[in-house]
Amino acid sequence: MSSKATSFRFTRCSFRAKLWATLGITAVPLLALLNLPSATAAQANCCVGTVGDANGDGSPEPSLGDITLIIDAKFISLSCDAIPCIAEADINQSGGANPTCEDISIVDVTILIDYLFITGPENITLPQCDETGLTFSQREAVFNAIDSAYNSLLGEPDDSAAIKLAAYLNTIPDIDSAGVIDSVSVWAWFTDGRIISVPNNRFPSGSASNNESWVDSELETSVPIGFEIPDRRFPDLVDPLAEDVLPRVAAPAYDYDLPSSIQARVVSTLGTGCFAIGAPIIKSLLENHGYVTVPSTGSVTSLFSVVDDGIYYIDAHGGGCMGRDGARHLAVWTATTVGASADSAYRTQLNRNELVYMQAMDRDPSSGTCRSHRRYAYTGRFVAQYMYFVPNSYIFINACYS
């Protein structure tokens, strides 16, 4: 087992701090230290299509893995924390649209066994999910409400505006709860547990970069045709960071502990019409010193393909947020705009708080101005499941609240 060290450098807009950590695994998750361990609550109103996807792997058909997880939850571990969507595991829908762990029983296991191994799917039709959960139109109405409220609060002191925005969100029926973090940024979660982050902490600089190739044209507005989400690294865990499955050794890194790969990824998800970004300078610096930079737009689909990086740099918005399960997250702004098709494709990641919704100021290609709009942001849970780094990898997150 490797005892190599991995270097992480994070920034919070106006200051920088270096954090060294050693993880005794070959592939090192980037944000592994950013989630506080906590128990994971199951999601309500998160079921899509037919029931049966108890392990949340996104498959339209149930599998032995789904049966195994339900048996473990009800008869071995006696906890439903590992089930990302209770409604998917409540096969006979005894709990309606908002089931709890108590609604899952041996009956549900029996139905799945019969469906897969006895009577067969050709003779059994599994129930459709209860459609009383939130639709994308309902979420969009909340996003638009945030836009209106955000614009009406411009000019107010940042902390005062954050308090008022959180208070307003708490009056919306489709919002479960909302609050303020780091004094100026707002978090909220929908009634099904999906998170919204409004990081009111990084403002347009008014100084655009000359490197226009980094902006706008690289925004991802829909999921590419044929894109498939790769396998999860820890398929049965909602929060691998809370399960202590990533061994860590507290040892310092030394000057000669260089990344074991010369592959570097330099990303900016900030519009240069609004922000001065460091990515072009960093890219040139690395290439002049022997590193090979790989292209990456910072879209959600591109993040799934982060493998074997020795250096990872990103200019982005960053926002702290709370999950309904009590977990704290750092969410990092991507280049993928929120939309109905992406919501459907990434439902498992959204239900598990690996991806969250983020509303922030940035360049809007349609208007050519810097204004508030929404994109997906990724958390440490996403990194632990899908992003891989070599020993001694060096990660620099140039984002607020990091």
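In strand 13, Ala-377 is the bridge partner of Trp-333, and this pair belongs to the antiparallel pairing of strand 11 (residues 328-337) with strand 13, which runs over three bridges. The model described here is predicted, so that local features need pLDDT of at least 70 and side-chain atom pairs count only at pLDDT 80 or more, whereas totals for chains, interfaces and linings use all residues. Residues are numbered from 1 along each chain as its sequence is written, and side-chain values use heavy atoms, with hydrogens and water left out.

Helices (H or I, at least four residues) and strands (E, at least two) are DSSP runs numbered from the N terminus, and the protein chain contains ten helices and 14 strands. Of its 402 residues, 54% are buried, a term that denotes under 20% relative accessible area with a 1.4 Å probe, protein chains only, as against over 50% for exposed and values in between for partly exposed. Among contacts (heavy atoms within 4.5 Å) between residues at least 6 apart in sequence, 73% join residues at least 24 apart.

Strand 13 (residues 369-378) is largely enclosed by the rest of the structure, because seven of its ten residues are buried. Two strands are taken to pair if DSSP finds at least two bridges between them; by this criterion strand 12 (residues 355-364) also pairs with strand 13 in the antiparallel sense, over ten bridges. One of the bridge partners in strand 13 is Thr-369, which is matched with Asp-364. Strands 12 and 13 form a hairpin with four residues between them, and in the turn Gly-368 has a positive phi of about 75 degrees.

Salt bridges, in which a side-chain nitrogen of Lys or Arg lies within 4 Å of a carboxyl oxygen of Asp or Glu, number 15 in the structure. In one of them, the side chains of Arg-347 and Glu-88 meet at 3.3 Å, N to O. Since Arg-347 lies in helix 9 (residues 347-351) and Glu-88 in helix 2 (residues 86-89), the pair ties together parts that are 259 residues apart in sequence. Both Arg-347 and Glu-88 are buried.

Arg-381 forms a salt bridge with Asp-239, the closest N and O atoms being 3.1 Å apart. With Arg-381 in helix 10 (residues 380-386) and Asp-239 in the loop between strand 5 (195-198) and strand 6, this pair ties together parts that are 142 residues apart in sequence. The side chain of Arg-381 also meets that of Asp-325 in a salt bridge of 2.9 Å, N to O. Asp-325 lies in the loop between strand 10 (318-322) and strand 11, so its salt bridge with Arg-381 in helix 10 ties together parts that are 56 residues apart in sequence. Asp-325 and Arg-381 are both buried. Elsewhere, Arg-139, Asp-192, Arg-194 and Asp-343 are joined into one network by salt bridges that share partners.

Two further residues may be described individually. Ser-261, placed in the loop between strand 6 (248-249) and strand 7 (263-268), is buried, with a relative accessible area of 15%. The side chain of Ser-261 reaches the backbone nitrogen of Gln-263 at 3.0 Å, and, when residues up to four places away in sequence are not counted, Ser-261 touches Tyr-291, Asp-308, Gly-310 and Val-390. Ala-73, which lies in helix 1 (residues 64-76), is likewise buried, with a relative accessible area of 4%. Although Ala-73 and Cys-101 are 28 residues apart in sequence, their C-alpha atoms are 8.7 Å apart in space.

Methods
Polar contact = N/O pair within 3.5 Å; in protein donor to acceptor, adjacent residues only side chain to side chain.
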